[in-house]
Amino acid sequence: MPDNPHKARHLVLPANAGGRDFLLGDLHGCVGALEDAMTRVGFDPHRDRIIAVGDLIDRGPRSHDALKLSREPWFFSTLGNHEIMMLEASDHRTRLIWQQNGGEWFYALPPAERAVCIAIAEALPVAITLEREEGGPIGICHAEWPGDNWNTLEDMLEVPWIRQQMLWGRTVLLKHKTTEDPGAALTVHGHTPLKAPTRLGSALFIDTGAVYGGELTLMEVSDALRHPQLGHNVVQLY
């Protein structure tokens, strides 16, 4: 994604035969909370992996450190809308919008470190497909999956409004859409802060508002696959 922050990218992760995979909600610089969660689950960086839903940066205390996690061999993340704001902060107006949404930390860095941050964000994929040894894959993108079959992802990523929804959308949650995707065992998303992980059909939303005082969600894939449906309850937003 070096020339265009909206260029479609798709990372396929092979099944992790030797360890566990964990799904991480919106981090927003809360690296301390992540370190605590990793300790609680006995995370082993030699065997286990973390796959994040994006929005690693902004609002929290350690955005720079959070972004650099993407250079660890055990850490993977999709592109979030806050990374998009960083990549698009090219003039006074877009810079001001980003700063109002938590981007002040970036401008306290020396120019060389700013360039490193940009390079890391440019390399983040819009979507990740996590393969499993048994059963269908898990699809991960930041906000929501507007398609009806994850198998069509490559074609859908060429459609601008689809990419926009994957980065910014809230339609699935706000309309309580409960579709089942035949191409994925589960799709996993963040973006909308919730009081607890929430599943609608085959879509699981795991931004639990860590930067607003909620608990950071670090969920093992096996637990995510078993997560109960929301049913007819009201989604609790922060």
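A search of the whole structure, which is a predicted model, finds 0 disulfides. C117, for instance, takes part in no disulfide, and the nearest cysteine sulfur, that of C30, is 17 Å away. A disulfide is a covalent bond between the sulfur atoms of two cysteines. Since the sulfur atoms in such a pair must lie within 2.5 Å, the 17 Å from the sulfur of C117 to that of C30 rules out a bond. C117 is buried, with a relative accessible area of 0%. C141 is likewise buried, and its relative accessible area is 0%.

The next element considered is strand β2. This strand spans residues 21–24, and both of its faces are covered. D21 and L23 lie on one side, F22 and L24 lie on the other, and all four residues are buried. In a regular strand the side chains alternate between the two faces of the sheet. The division of β2 into D21 with L23 and F22 with L24 follows that pattern.

Strand β2 has pairing partners in β3 and β10. It runs parallel to strand β3 (residues 49–52), and 4 bridges join the two. With strand β10 (residues 218–220), β2 pairs in the antiparallel sense, over 3 bridges. F22 has a bridge partner in each of these strands: I50 in β3 and E220 in β10. The path from β2 to β3 also involves a helix. Helix α1 covers residues 31–41, and together with β2 and β3 it makes a right-handed β-α-β unit.

The loop between α1 and β3 contains F43. At 11% relative accessibility, F43 counts as buried, because the limit for a buried residue is under 20%. The C-alpha atom of F43 is separated by 32 Å from that of T178, a residue 135 positions away along the chain. F43 also belongs to an aromatic cluster, which it forms with F22, W74 and F75. This cluster therefore includes a residue of strand β2, F22, and a residue of the loop that follows α1, F43.

Aromatic contacts were then examined in the whole structure, where 9 aromatic pairs are found. One of them is formed by W74 and F75, whose arrangement is edge-to-face, with 6.0 Å from centre to centre and 85° between the planes. Both residues are buried: W74 has a relative accessibility of 12%, and F75 has a relative accessible area of 2%. Another edge-to-face pair is that of W98 and W105, with 6.1 Å from centre to centre and 85° between the planes. W98 counts as buried at 0% relative accessibility, and W105 counts as buried at 16%.

A charged side chain is also placed against an aromatic ring. R95 lies over the face of Y107, at 3.8 Å from the ring centre.

Helix α4 (residues 92–100) has a cap at its N-terminal end, provided by D91. A side-chain oxygen of D91 lies 3.2 Å from the backbone nitrogen of R93. Just after α4, G102 takes a positive phi of about 105°.

Terms used
Residues numbered from 1 in each chain as written. Predicted model: local features only at pLDDT ≥ 70, side-chain atom pairs only at ≥ 80, totals over all residues. Heavy atoms only, no water. Buried < 20%, exposed > 50% of the residue type's maximum accessible area, 1.4 Å probe, protein only. Pairing = 2+ DSSP bridges. Right-handed = clockwise from strand over helix to strand, strands pointing away. Phe/Tyr/Trp six-rings, centres within 6.5 Å; stacked < 30°, edge-to-face > 60°. Lys NZ or Arg CZ within 6 Å of the ring centre and 35° of its normal. Polar contact = N/O pair within 3.5 Å; in protein donor to acceptor, adjacent residues only side chain to side chain.
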